Amino acid sequence: MKKIDNTTRYERLRERYMNGDLDRRSFLGLLGAAGAAYGLVTPYRALAQSVSQVRFDGWGGVVSEALRKNAFDPFTAKTGIEVVDGTFGGGDEYISRVKASQPGEYNIAHLSGVFDYARYHGLGLTTKLNEDNLPNLQYVIPKLVDVFRNITDGSLSCVPYDYGTTGLAYNRKYISDDEIKEKGAKILIDEAYKGKIAGWSDWRTRMWYAALQTGQSPNGITDEEAAWDAVRKHRDLALKYWGSGAELMSLLAEEEIHVTEAWSGRIYALQEQGHDIGYFDPPNGFGWQECMFVIKDSPLEACEELLNFMLAPETSIAVAEGQNYPPALDPQKVELGDKIPTLPAFDPSGTLEGLTFADPDYWNGHEQAWSKTFGRVQKGY
Amino acid sequence: MSIEARERRQPWILLSPALTTIGLLLFVPLLFIVVYSFWLRTATGADQAGFYLDNWREALSDPFYRDILLFTLKIAAITTLVCAVMGYPAAYFIARSRGNKAILLLLLMLPFWISYIIRTMSWINILGVSGALNSLLIWLGIISEPMQMLYNQTTVILGLVHFLLPFMILNVFVSLEGIDVTLEDAANSLGATKWEAFLQVTLPLSLPGLAAGGLLCFVLGAGTYITPLVLGGPTDAMFANLVYEAIITQLNWPLGSALSLMLLVVLGVLVMIYNRYLGMAQLMKGLG
């Protein structure tokens, strides 16, 4: 039987109506039903179609450039699947966008922290990757994989991709290496630098550093009020809260500020550009691991193919060198070249014992209350 | 069908595309927001449907929201005042200029060709520590160290004035254009000085345009969140920033909905007061 398209169907229907074979009410009813059916089906058509593109969302700036050049373009050349990449300023902003989206609209996200992975799982947005399609997962540091498995009952909805730290960045023209080592996280609440201090407008980072400033464990703050007082003190001394990596780099490069906490890779990028910006991880500095997370209702096989391509050592190393964050590849299994061992936070042992990561249960347990409180403290309360 | 009945239906038929669009794109989403404001956010960030008054109770009783709302209205009022003071002479100059009116109007519209965010961010390059103004002042020997000019309440107002001034000028210009210039001549012929003719004839007749521009500047200024985000310091947040934070950062859509409706009601009341005493016709002329 010959297949007919919708236009032909409509024309036949119209012809029947014009010939008087169909009364007006039936004609309009059928048209309405067709329209409603089309409207209902359209959002799900993407799932049934052969996949020609996958959407990726990440942190923008040098990170996006590194991914585009070293992973996405070569992947498209190899498979014909286009990777459409978008950016976000933070995980909170992105989760809101995903929550408002149609199923399948967003596919892969460059998430930071296991706590974000747990939040997506809590919202029912995780999927189950077929690890047979991810042979390059074998090169990844096991510790990085296990923490995700623990959240999703042994399965994975992501692959670990890189790690880094949020340490202290300082302008060496005004602050010496010795001073930053001596003062550590407390330099962010040092009156001497009033108006020349900045900080990320992220409640987790603010509370983490407040814990360090008040001598507490970031994963077990016992004196909350003291921590909030430290957040308030930082706010009163700060010139600005930054909201993106680009803004962070601009504030430091333009010398608007002299010290802030900062993402290790962005500071390395500034150093590569010739800025005399130092970077120091204080004891118990904020370590994090990033993953490539596949959102529920995404075209799984295409996503798995992309993730496996991205995990291939040659791709992963090239991306890491571009974005200045060490890859999740195990240095005991893969030769990582010359540049990666020089990156901040790099652990040659592959055990990551020297880094302190956020406990997802602890931080997600406080997310609702602390994010709200920070919203007020941030504005002078 | 009678002719009268058909004539009664015609305007509605002609209006139906616009009404459908407004209904679908404005009122239906607004209805969603109203419904959302009675829901609750659960611990995971998911929404709990139902009819709860918690968000409204919090939004209306918490002094935090009241204070930020008052701060927002204050910033919007100052911005409007500055726009009026700066915009009126500019509009007067354009309206009374003879040969180059079209070019001046084109120049006035020129900023709209550039994204609002880029226009806002341009102040960082002008007022920053290593920006144009500091560099010039150091080069002239007026200062030896760069001054900290960014990220405070003044820069927020400056950014808003930059954004809103054309709206004020356009409204006043339209109003001035509608005034018969011979009225000033008549006042002069009756003994009034130019200044008196302006104060007693032109200014009162152009007040509806000034009020329309003021309303636009105030409403748009009170609803902005980009300017305080880019040019403000830690404590310069405005009410729209609270809505943004509730929805984006805290994933609390129900509270964010209640807050956005609260702002909508406050600004809506202002528009209604304006409409009651001055009417919307002048505003439409200015926007047109």
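**Exercise 1. Long-range contacts**

Work out what share of the contacts in chain A with a separation of 6 or more comes from residues 24 or more positions apart, and then do the matching job for chain B.

*Solution.* Start with the term: two residues are in contact if their C-beta atoms, placed from the backbone, lie within 7 Å. For chain A, the share is 76%. For chain B, 71% of the contacts between residues at least 6 apart in sequence join residues at least 24 apart.

A word before you go on: this is a predicted model, in which local features need pLDDT (the predictor's confidence in each residue, from 0 to 100) of at least 70, side-chain atom pairs count only at pLDDT 80 or more, and totals for chains, interfaces and linings use all residues. Residues are numbered from 1 along each chain as its sequence is written, while chains are lettered from A and ligands numbered from 1 in the order in which they are written.

**Exercise 2. How far to trust chain B**

Find where confidence in chain B is lowest and where it is highest.

*Solution.* First, take the overall picture: the mean pLDDT of chain B is 92, and 97% of its residues reach 70 or more. Next, go element by element, where helices (H or I, at least four residues) and strands (E, at least two) are DSSP runs numbered from the N terminus. Helix α13 (residues 281-287) of chain B comes out lowest, with a mean of 62, and α3(B) highest, at 97. Where pLDDT is low, the predicted coordinates should not be read in detail. For the model as a whole, the scores are ipTM 0.76 and pTM 0.80.

**Exercise 3. The two domains of chain A**

Describe how domain 1 and domain 2 of chain A meet.

*Solution.* Begin with the bounds, which come from an automatic or database domain assignment: domain 1 covers 53-163 + 288-360, and domain 2 covers 164-287 + 362-377. Their centres, taken over C-alpha atoms, are 25 Å apart. At the contact, domain 1 supplies 24 residues and domain 2 supplies 25. On the domain 1 side, α3 (61-79), α5 (114-122), β4 (158-171) and β10 (356-357) of chain A give two or more residues each, with α5(A) giving the most, three. Finally, sort that side by residue type: 14 are nonpolar (Ala, Val, Leu, Ile, Met, Phe, Trp, Tyr, Cys and Pro), three are charged (Asp, Glu, Lys and Arg) and seven are polar (the others, Gly among them).

**Exercise 4. A covered strand**

Decide whether strand β3 (residues 108-112) of chain A is mostly covered or open, and name its partners.

*Solution.* A residue is buried if 20 or more other C-beta atoms lie within 10 Å of its own, exposed if 12 or fewer, and partly exposed in between, with C-beta atoms placed from the backbone. In β3(A), five of five residues are buried, so the strand is mostly covered. Check both faces: Ile108(A), His110(A) and Ser112(A) are buried on one side, and Ala109(A) and Leu111(A) on the other.

Now the partners, remembering that strands pair if DSSP finds at least two bridges between them. Strand β1 (residues 53-58) of chain A joins β3(A) in the parallel sense over two bridges, and Phe56(A) stands opposite Ile108(A). Strand β9 (residues 286-294) of chain A pairs with β3(A) in the antiparallel sense over five bridges, and there Met292(A) stands opposite His110(A).

**Exercise 5. A proline in a loop**

Explain why Pro327(A) counts as buried.

*Solution.* Locate Pro327(A) first: its loop runs between α13 (313-323) and β10 of chain A. Then count: Pro327(A) has 29 C-beta neighbours inside 10 Å, and therefore counts as buried. Beyond four places in sequence, Pro327(A) touches Tyr161(A), Asp162(A), Ser316(A), Ile317(A), Ala320(A) and Ile340(A). Its C-alpha atom lies 8.7 Å from that of Phe346(A), 19 residues apart along the chain.

**Exercise 6. Where the chains meet**

Count the residues of chain B and chain A that are in contact, and find the element that leads on the chain B side.

*Solution.* The contact joins 22 residues of chain B to 25 residues of chain A. On the chain B side, α3 (63-96) and α11 (239-249) each supply at least two residues, and α11(B) gives the most, with four. By type, this side has 12 nonpolar, nine polar and one charged.
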